[in-house]
Amino acid sequence: MSETSRFRSTEGSHGALKGAQTAWDMLSEEQMQKHITTGCEELDAILGGGIHCKEVTEVGGVPGIGKTQLGIQLTVNVQIPVECGGLGGKAVYIDTEGSFMVERAHQIAEGCISDLLDNTAHRLKDFPACPERLQPNSFLSNIFYFRICSYTEQIATINYLEKFLEEQKDVKIIVVDSITFHFRQDFDDLALRTRVLSGMSLKLMSFAKKYSLAVVLLNQVTTKFVEGSFHLTLALGDTWSHACTNRIILQSV
Amino acid sequence: MSNKLISEMGLPASIANVFAARNVLTAKDALSLPEFDLVALLGLDLDQVRSAVARISEIACPPCRTALSLLEDRARSACHLPTRLRGLDDALCGGIPFGALTELVGPSGIGKTQFCLKLALLAAMPTCYGGLNGRIIYMDTESKFNSSRLIEIGKSSFPHIFQSEGMAQEMAGRIVVLRPSSLSEFTESLQQIKLMILRHDVKLLIVDSMAAILLGDNERSTTVQKQHSWRWPLSFLKSLAEFSQIPIVVTNQVRSQNNDEVFHYSFQAQKNDTSKTSERLESHLTAALGIQWAHAVTIRLIFEAHSGQRFIKVSKSPTSPAVAFPFVVESSGISLLSHDGLEVTGAEICTIHCQDQDTTFLTRGPSHTLIFDASLQQFSWLGNIANRDVDQASRIETSPSSIFLDLLLTYHSCFKCEIDQTICIWLHKFLLLLQLLIEVGQT
Amino acid sequence: MEERGRAEASREELERLIDGGTPYKFAVASQVPMPPTRNPRSAIHAKSPITEEVGEEDVGMEEVSVAIDRQQPPWLNGVELLEDAKWNKHVLPTGCEGIDILLGGGLREGQLTEIVGPSSSGKTQVCLCSALGVADLNLGVVLFLDTCNSFSSHRIAHMVNSQSDTLVKEGKEGRLKRIMSSILCHSVFDIFELMDVLHQLECKLKHQVKSSGNRIRLLIVDSISSLITPILGGKNSQGRLMMITTGILLKKIANEYNLSVLVTNHMVGGEGGSLKPALGESWKNIPHVRLVLSRDQGSNICNVSILKHTIIASGRAAKFVIDN
């Protein structure tokens, strides 16, 4: 009895700190939170079930390794209906390089739907409304696409997302492909670049937390001179490496 | 978008005046500064700055579209240039895509220019024959363009179309060839191209080769300047492709990989040495222009030669896995030997093989090649690029003289023109004469 | 104009009173800014201009001296400081043996400890471990201010469950609940938000009962460098000012309310490719204790070494293991 009252008083006395939650409450929330599957079981296993919501994940790799493919796959997989074990949400795709091929997204959506129909047919029988939603075109209509041509537009879009996410409540994933491109080319003042990027990453973190969605950033690689030899490393410098919650590097074996 | 004026964005007058007073005139100026700096610069409240930045961002942000509307747009208009190589077109979902940079990488003499000539012809042809019916801009930095070869390709591939003389002339007339010789000329030409694209209907831009122009100035500038100087052409080409929705094809050279070239990330533990050395021996060629360029192109096709055949390998593509097609160079351009691609996996995707490692390509003109064959210690003259004429090469019997090699290279770099057979023989005789004079002088 | 005249008149009066032998602190009164809640002029006016009655003037001076004392903490001598350190400033174990041994027990209350390290060297793990340690020993409440969404209650639950516990009285579930309820997490994404939270915390701490069992013992900010990097640099030095203000506020909270503050920082490239802590030269002097973490490639062993400490010599190092 005394313990429970202590808990209550704990919550009560710290209720003055607005927005604080105890780890116990967060645990039960986290356990109920679903993850976004990447489509690859081993990758899901490393990530602890898939891409986590409320976190910023960075994916990097050499050109041609499949980062854009993973990004498009995630925008499709986030739309898997709740009845089939997914999140049933919408996606925002911010394209800075022009590598989003809508025909490929259509192919991936078709593949995903046919997998769903094969594997979870028993569940779908109970929910007759599902087959209407499971059309490639309806999946494509839930992907919001922004084409960015300069870093100014990139910053403006991420600022605008705050208002956009207020209006579109179902967005569960934001994919930025790639976060690096314009910042590597047009920015000459590196110190200013670091500050602008840190501000941008804090904003993305706050979106992830506030709207309970996943943020996936695709990054390029560059070479760096470390400890006497050249190594491959993700672009945008050391400070950026601390801006994300998770970092994944894709490599070919 | 980024140059929109703040004064036209409908901010409250007092705030707009403050922005103007501090010389923050466009959206770009306002958004390049972090929030904290803006507060300090403008002397406004944090809340006021935040709401102003939110309003500016909303206006500077590009419009939001759904993927479905993109698909419908694509379905309405053509978006690929078919290459007429069935296997490749299937792999690329239709052909060379519009609005993206396609890169061709490969060692010299493998067929990149042939491919480019074929593409130029295909784009020039009228739509009833499957072409784009438009003009083509061909930026030829190494003087490899040859109109007679172009017409030969046309006549062999489409004999029924090119029967009439007028047709061939008209097709050739649609191709505008520019020959920039330095980076500054190249950037100037790019600016003029933008105007040309807006005025006439240019359907294809080919840059052959990008590496020659970007690496050409490297004696004077430092690495940092070098990277700065070609960032602009890169972003310009990409934005040009996007904006005008035309295909842009760029060729790239190869260079040998240094021994301390990067293979791994810093967090990986070092592999044992034996596997490393064997890897290095196999993949000793890599694309020039570095990793930043590799990220920027949308599709990369690697032309390579190994196991006695030549292959086109789709190395980087958003729409297809890595496949390789064997091909040959014929009078009608390039043709695939098999339309089912061979799957390529793992590290093979990015490596470039060049079969004849002992061969050094010294100099190439549009219709001939001078090769120094280290194994046979001979110079060979290839009278025509097409394979069938290899047998007719005439050989210059000469001693393996490095001085002669140096002389030839010096001649080429000084005069930047093709070395034809007569000049070669002349130089050889000159050298023999010099050697004779030295010997006579010494005795 | 009149106000200045009145102020000058009152200053003259004060000086007259000083010459008359009133205590030293009133001379200071004219320069010290009055507390913002009270009208400064009215405080000086509290005493009537030139009155013969010494008693009324003394009352007015009393108010002024009380107001001054409220602004400045009382002067302490060495003995009082030692007593304070012995009785009020305890040591909190971090739960990582290597660090505890290195620091002679753990994190000290009243001090600001900074952990610096490159990416994925274990900083967040050390923070989570310390939170767990403090909560487990029932020492009090832990407040975790999270700027990069790296707080994972799952991880803490995992660590609790994997620790072999000999307690028979409470079951695993009860222990988990007890520990997790003592850890509070709050997300801040802005330096201004952080300052707001710290001011709120300060107000609350002032009014809470000191002996209650659920007072805050440990305050963790992970990571403070991600909040400061967007404002540091630039043409003016206001960012640096903000950073130093935050550091001083954290140290003040630590000292006055006897809690320990732990912050994390990242590293940037220095000369010759070596890494150095971020946030620059001005930040170097702010934390009391600075520890550098690094992890060997591909292994679970972390190296920790002291960069700066109030008592222990810098350069001492230790190892510890982060296991699953």
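This note goes through chain A, a sheet that reaches into chain B, and the contact between the two chains.

1. The model is predicted, so local features need pLDDT of at least 70 and side-chain atom pairs count only at pLDDT 80 or more, while totals for chains, interfaces and linings use all residues. Residues are numbered from 1 along each chain as its sequence is written, and chains are lettered from A, with ligands numbered from 1, in the order in which they are written.

2. Chain A has 12 helices and 9 strands, these being DSSP runs numbered from the N terminus (helices H or I, at least four residues; strands E, at least two). Of the 253 residues in chain A, 51% are buried, that is, with 20 or more other C-beta atoms within 10 Å of their own, the C-beta atoms being placed from the backbone.

3. An open sheet of mixed pairing is formed by 7 strands in the order β9(A)-β2(A)-β6(A)-β5(A)-β3(A)-β4(A)-β1(B), where pairing requires that DSSP finds at least two bridges between two strands. Its edges are β9 (246-250) of chain A and β1 (65-66) of chain B, each of which pairs on one side only.

4. Within chain A, β3 (residues 90-95) and β4 (residues 143-147) run parallel over 5 bridges, with I94(A) opposite F146(A). Across the chains, β4(A) and β1(B) are antiparallel over 2 bridges, and here Y145(A) stands opposite R65(B).

5. In the contact between the chains, 50 residues of chain B meet 48 residues of chain A, contact meaning that C-beta atoms, placed from the backbone, lie within 7 Å. Elements of chain B that each supply at least two residues to this side include α4 (46-60), β1 and α12 (223-244).

Key
Buried ≥ 20, exposed ≤ 12 C-beta atoms within 10 Å, placed from the backbone. Contact = placed C-beta atoms within 7 Å.
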